[in-house]
Amino acid sequence: MTEMPKAYDFTSTEERLYRWWEENGWFKPEARPDDADAFVISIPPPNVTGELHMGHAMFVALEDLMIRRARMQGKAALWVPGTDHAGIATQLQVERLLRNEGSSRQEIGREAFIERTWEWKRKYGGHIVNQLRRLGASCDWERERFTLDEGLSQAVREAFVRLHRMGLIYQAEYLVNWSPGLQTAVSDLEVEYSEEQGSLYHFKYPLKDGGYLPVATTRPETILGDTAVAVHPDDERYKHLVGKTAVVPILGREIPVIADAYVSMDFGSGALKVTPGHDPNDFEIGQRHGLAIINVMNKDATMNANAGSYTGLDRFDCRKKLWADMEAADLTIKTEPHTLSVPRSQRGGEVIEPLVSRQWFVNVKPAADMGLDAVHRGRIKIIPDRFVKVWDNWLENIRPWCISRQLWWGHRIPVWQCADCNHQTVSTSDPTACEKCGSANIEQDPDVLDTWFSSGLWPFSTLGWPEDTPDLRRFYPTDVMETGYDILFFWVARMVMSGLLFTNDIPFHTIYLHGLVRDEKGRKMSKTIGNVTDPLDVMGEYGTDALRFTLLTGGTPGNDLNLSLERVASNRNFANKIWNAARFITHSLARTPADPPETISYTAADKWILTRLAEVTESSNRLMDNYLFGEAGRQVYDFLWNEFADWYVELSKVQLQQGVASAWTTLAVLRQVLDDCLRLLHPYIPYVTEETWQQLKAAFVASGRGIEPSEGWAEALIIADWPQVGQRYPEAAADFERLRELVRQIRAVRAENGVEPSKFVVATIAAGDKAGFYESQRSVLAFLARLDEEQLVIAADAAAPDNALTIALGDVACYLPLAGLVDLGKERERLDKEIGNLAQQIERVSKLLASPFAQKAPEAVVQKERDKLAELQATQQELVERLAALR
């Protein structure tokens, strides 16, 4: 039999195993029977332009965990992969490429530009997918989709046409967020607000009949587009001026003074300049009062002809020149520092300019109401549930969604304008003539749809909608939508609204939100700060499993995670711990009999570890069912490392030498516990668990031993059955737990007194009615605590030897002779301190039992506290007597 390598080598394992899994079709739902329950996750499609970052690593680890567990539970697990065409981001990449060639998209034209973009996608678009594979993502890659592929493009057109027929899509002049750099409108959700230091400009707004109104603004250049000055209707300072005429500074254009309740009487002077063409709140005021809308800027944020003498200036240059001119005209009052909330483009970073533009909009209010109802009625669950309030706030206050973008790369709006009768034909297929007048003189709308429009259809469009496909019938609705909380509204809400509108069903029953991955100091990762941790570098140094386990166990749902490379290194050591446990087991095969004994009899240690395995299996299952993956992983980690490896594996070295029957049974328990732990951990750390399991399987099969899982060895761990909760032995487990505590106390006393680890010490144990149990564990106890087995005395009642250290555990006492072992003075101090600690605990429990708690709490809970008190008092009495003897 070939021995396992001494160390686990992730570098030679990961790519080999991933290729083996995929080639065998184990990532596909068809790996399970046709009648198996489906479990489906649609991957949050990364941008085709993307490079792997920790956010990707987080969602891949979480979703792969859910998929792998479902697969092992016998479900037809489908993880649908794909990428997003990322309209703005991809177009910027190709435009940059053209600039480097000395060209531009305008120069080569729309058709050629789109073809160049497809070329770019074919060349570079697979990079992010390969990086997802590196993370161990067990997606069904044969079902991979792209938001611009033929099927999804047809779904987008179908959705647009249906919304138009419902009367929910319309075209209108409206104030939008305009990105001057990108030359397109962007949605409210694509605008990020940053606090920046700026100025508040106070100036005089001249009145036609003389005098002025004091007004303040943070954007003086927009004065040129003012169409009113507003005051609050209850403001006694200005009531007499309502209905009067003001004059726009420098331009001299006359505008009305109006009253509107939106105006704050406490901000600035209480008078507000109204610029409907450049401010969303002013736009609403303008709509209420029928004000003119004057746009003073071009699409590139330079001033247009409406700006008078400032035409052609950049908006910020205009600000400076206009203010200087107003100072010269004695129209300024003062300038003071002011903290601004500056809207910037999430993609380009430049300051967003509110501009009135003709765009396509969706009235999402009906769908938003459906989304609210789905959550409130429990059809969709949000984890963690604190985000329900955020969900409600956004959907209850939702505004029309601007879906048109002035780009070339994306889903072109399926509307054709007739030049002869001005009718708009809206169609899922390209028309050749106007549907109203029959004219062939039609032209398609030049704009494309917001990227989130197609992404909102992702859960069902990837399964074949609007066609009635077998995949759509089998796998929709999906089960879980796992993503970052930062795109709850960008994407998740739109999927819910689209699913309810187009499929008359929820797209998934659970929304699981993870937090951001920050650096170990809690700072957001930023290239500017220089604290970005590249997942590929981390995986290259520590292995994929170490990174995955760190991300999965380092946080809780919806909360940010601080990533520490020290923790990653520690989790690499965990992989080695698993490997070494398997090496010990396979190495022990040669020293155990091939055939099982006639009667299998478990020791107390066997029963303890099997009981703990059952408890951990049950607990981790409950936690995973409630999406508490971090705590579930931590519990299995603690069990495998701190109980199985550090205790049972160690004591098994004794049991393996205690005869044929004991050796066979011990090896069977070792294998069973490690096998179940490998299954529980496989969704977290797939590579090391699969490789270890294969080594374990090969060793047992080659040895011809009859020790193997009851259902037989599966071909691979990835498709092995999820572990079941086994039998418990509560009494034996409790006895052994007490023995473990005794060993810990003995080890602590040895350490406190500087006893050499290799030295065996003499001990006497008075164990009362448990003497028989401790006698049966003599060899194990002596081995674990480094006691002299030949001189070890175990009895029901044994007097404490003179000058001996005492360890008291309720009815059990252990005496360690002091001769050559400890300093008597220090021992008296130790006993004094321990008696004091016990006195505090006794006082606390006594007060609890004397309080209303004893009458209100369940009898079982109260009795547990009474038993605890009795044990504390017995231990205290034993220590008091021993201290008296020492004195």
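The dialogue below takes up cavities, strand pairing, an aromatic pair and some backbone angles in a predicted model.

Student: How do you know how many cavities to count here?

Tutor: A cavity is a set of grid points where a 1.4 Å probe fits but cannot get out. With a volume of 30 Å³ or more also required, the count is two. The largest has a volume of about 150 Å³, and the second largest about 40 Å³.

Student: What makes a residue part of the lining of the largest cavity, and which residues are closest to its centre?

Tutor: A lining residue has an atom within 4 Å of a cavity point. For the largest cavity 15 residues qualify, and Leu-163, Val-364, Trp-401, Ser-498 and Leu-501 are the closest to its centre. Helix 12 (451–455) and helix 15 (488–502) each supply at least two lining residues. Helix 15 has the largest share, with five residues.

Student: How is the lining of the largest cavity divided by class?

Tutor: It has eleven nonpolar residues, three polar and one charged. Leu, Val and Trp count as nonpolar and Ser as polar, so among the residues closest to the centre, Trp-401 falls in the nonpolar class and Ser-498 in the polar class.

Student: Which residues line the second largest cavity, and how do they divide by class?

Tutor: The lining consists of Gln-745, Val-749, Thr-806, Ile-807, Ala-808, Arg-830, Glu-834 and Leu-879. Helix 23 (730–752), strand 28 (804–809) and helix 26 (824–850) each give two or more of these residues. Strand 28 has the largest share, three residues. The classes are four nonpolar, two polar and two charged. Arg and Glu count as charged, so Arg-830 and Glu-834 belong to the charged class.

Student: Why are strand 7 and strand 8 called a pair?

Tutor: Two strands pair if there are at least two bridges between them. Strand 7 (residues 191–206) and strand 8 (residues 212–217) are joined by six bridges, so they meet the condition. The two strands run antiparallel. Lys-204 has Pro-214 in strand 8 as its bridge partner. The hairpin has five residues between the strands, and Gly-210 takes a positive phi near 110° there.

Student: What makes strand 10 and strand 12 edge strands?

Tutor: The open sheet has four strands in the order 10-11-9-12, with mixed pairing. Strand 10 (245–247) and strand 12 (271–274) each have a single partner strand, so one side of each is left without a neighbour in the sheet. From one strand to the next, the twist averages 35°.

Student: How do you know that the pairing in this sheet is mixed?

Tutor: Strands of a sheet can pair either parallel or antiparallel. Strand 10 and strand 11 (residues 254–259) pair in the antiparallel sense over three bridges, and Thr-245 stands opposite Pro-256 in strand 11. Strand 9 (residues 228–231) and strand 11 pair in the parallel sense, also over three bridges. Val-231 has Ala-259 in strand 11 as its bridge partner. Both senses occur in the sheet, and the pairing is accordingly mixed.

Student: Where does helix 8 lie relative to strand 11 and strand 12?

Tutor: Helix 8 (residues 280–289) lies across strand 11 and strand 12, and runs at about 85° to strand 12.

Student: Why are Trp-401 and Phe-453 called a tilted pair?

Tutor: The whole structure contains 37 aromatic pairs. Trp-401 and Phe-453 are 6.0 Å apart, centre to centre, with 35° between the planes. Ring centres must lie within 6.5 Å, and planes under 30 degrees apart count as stacked, over 60 as edge-to-face. The distance therefore meets the cut-off, and the angle falls in neither of those two classes, so the pair is tilted. Trp-401 is in strand 16 (residues 401–402) and Phe-453 in helix 12, 52 residues apart.

Student: How do you know which peptide bonds before Pro-384 and Pro-466 are cis or trans?

Tutor: From omega. The bond from Ile-383 to Pro-384 has omega near 0° and is cis. The bond joining Trp-465 and Pro-466 has omega of about 15° and is also cis. Pro-384 is in the loop between strand 15 (381–383) and helix 11 (387–396), while Pro-466 is in the loop between helix 13 (458–461) and helix 14 (470–475).

Student: What is the phi of Asp-330, and where does Asp-330 lie?

Tutor: Phi is near 60°, a positive value in a residue other than glycine. Asp-330 lies in the loop between helix 9 (315–328) and strand 13 (332–345).

Terms used
Residues numbered from 1 in each chain as written. Predicted model: local features only at pLDDT ≥ 70, side-chain atom pairs only at ≥ 80, totals over all residues. Heavy atoms only, no water. 1 Å grid on protein atoms, 1.4 Å probe; cavity = no way out; pocket = protein on both sides within 12 Å on 5 of 7 lines; lining within 4 Å. Points joined across faces, edges and corners; volume = space filled by probe spheres on them. Axes fitted to C-alpha atoms, helices over the stretch in contact; angles between N-to-C directions. Contact = heavy atoms within 4.5 Å.
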